[in-house]
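Please open the model in a viewer and keep the sequence panel alongside. The tour below proceeds by selections, each followed by an account of what is found there.

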Amino acid sequence: MNYTYIVRCSDGTLYTGWTNDLKKRIKDHNEGRGAKYTRARRPVVLAYYEEFDTKEEAMSREWAIKHMTRRKKEEIIRKFIGVNLGMISHGAVQAVKEYRIRGICGQQKRSAYPPDSLFPYSIIYTGEYDL
């Protein structure tokens, strides 16, 4: 299986790539063996992925995503999370909702993204369910 993926870096930027071993590639990014772009922006967290039968399909999708605006990338990430929310525990969803409410109301200073323990993408990355 081949994958096209988007990771969210620690500075809030997005990086898109492709691989044939998604778990290993995310681990490589976080250990500094991934792309040069992500080495200085660790840790990275998986935000989105798609599966493909061939390397060529995954590479073609990577190219298409890299040419999208940030707004469009965030939109496909939101849709991906919406589809996969059923796989995330109720407690984690509640924590994310509470973070968003506090952040919107200005009761806390917002970072580039919520702490990993509240970040829905980290649940996907850490193996809450199998990829």
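Which residue in β2 does Arg8 stand opposite? Select Arg8 and look across to the neighbouring strand: Leu14 is the residue that stands opposite in β2. The model under inspection is a predicted one.

**The whole chain**

Before going further, display the full chain and colour it by secondary structure. There are 6 helices and 3 strands, and from the N terminus on the order of elements is β-β-α-α-β-α-α-α-α. Of the 131 residues, 45% count as buried. The accessible surface amounts to about 7,700 Å², with 51% of this area belonging to carbon and sulfur atoms. Among contacts between residues at least 6 apart in sequence, 58% join residues at least 24 apart.

Next, colour by pLDDT. The chain has a mean of 75, and 63% of its residues reach 70 or more. Where is confidence highest, and where is it lowest? The highest value belongs to helix α3 (residues 55-66), at 97, and the lowest to helix α6 (residues 120-125), at a mean of 39. Select residues 96-131 as well: pLDDT stays under 50 throughout this stretch, for which the model has 62 contacts beyond four places in sequence.

**The strands**

Select β1, residues 2-8, together with β2, residues 14-19. These two strands pair in the antiparallel sense over 6 bridges. They form a hairpin with 5 residues between them, and Gly12 in the turn has a positive phi of about 90 degrees. Besides the position already visited, Ile6 may be selected; Thr16 stands opposite Ile6 in β2.

Now add β3, residues 45-52. β1 and β3 run antiparallel and are joined by 7 bridges. Within this pairing, Tyr3 has Glu51 of β3 as its bridge partner.

How many residues of β1 are buried? The count is 7 of 7, and both faces of the strand are covered: Asn2, Thr4, Ile6 and Arg8 lie on one side, with Tyr3, Tyr5 and Val7 on the other. β2 is likewise mostly covered, 5 of its 6 residues being buried.

**The aromatic residues**

Hide the backbone and show the aromatic side chains. The structure holds 5 aromatic pairs. Select Tyr3 and Tyr49 to begin: their ring centres are 6.1 Å apart and their planes stand at 70 degrees, so the pair is edge-to-face. This pair links distant parts of the chain, with Tyr3 in β1 and Tyr49 in β3, 46 residues apart. Are these two residues buried or exposed? Tyr3 is buried, as is Tyr49.

Move to Tyr5 and Tyr15, an aromatic pair that is tilted, at 6.5 Å centre to centre and 50 degrees between the planes. Tyr5 lies in β1 and Tyr15 in β2, so the pair ties together parts that are 10 residues apart in sequence. Both Tyr5 and Tyr15 are buried.

Return to Tyr3 and extend the selection to Tyr48, Tyr49 and Phe80; these four form one aromatic cluster.

**A charge over a ring, and a cis peptide**

Select Tyr37 and view the ring along its normal. What lies over its face? The residue there is Arg41, at 3.8 Å from the ring centre.

Continue along the chain to Arg42 and Pro43, which are joined by a cis peptide bond with omega about 0 degrees. Pro43 is placed in the loop between α2 (36-39) and β3.

**Last stop: Glu56**

Finally, select Glu56 in helix α3. This residue is exposed, with a relative accessible area of 54%; the cut-off for that label is over 50%. Then add Trp18 to the selection and draw a distance between the C-alpha atoms. How far apart in space are Glu56 and Trp18? The C-alpha to C-alpha distance is 10.0 Å, while the two residues are 38 residues apart in sequence.

Methods:
Residues are numbered from 1 along each chain as its sequence is written. This is a predicted model: local features need pLDDT of at least 70, side-chain atom pairs count only at pLDDT 80 or more; totals for chains, interfaces and linings use all residues. Side-chain values use heavy atoms; hydrogens and water are left out. Rings of Phe, Tyr and Trp (its six-membered ring) pair if their centres lie within 6.5 Å; planes under 30 degrees apart count as stacked, over 60 as edge-to-face and the rest as tilted. Helices (H or I, at least four residues) and strands (E, at least two) are DSSP runs, numbered from the N terminus. Buried means under 20% relative accessible area, exposed over 50%, partly exposed in between (1.4 Å probe, protein chains only). A charge sits over a ring if NZ of Lys or CZ of Arg is within 6 Å of the ring centre and within 35 degrees of the ring normal. pLDDT is the predictor's confidence in each residue, from 0 to 100. Contact means heavy atoms within 4.5 Å. Accessible areas come from the Shrake-Rupley method with a 1.4 Å probe; for residues, only the protein chains shown count as cover. Two strands pair if DSSP finds at least two bridges between them.
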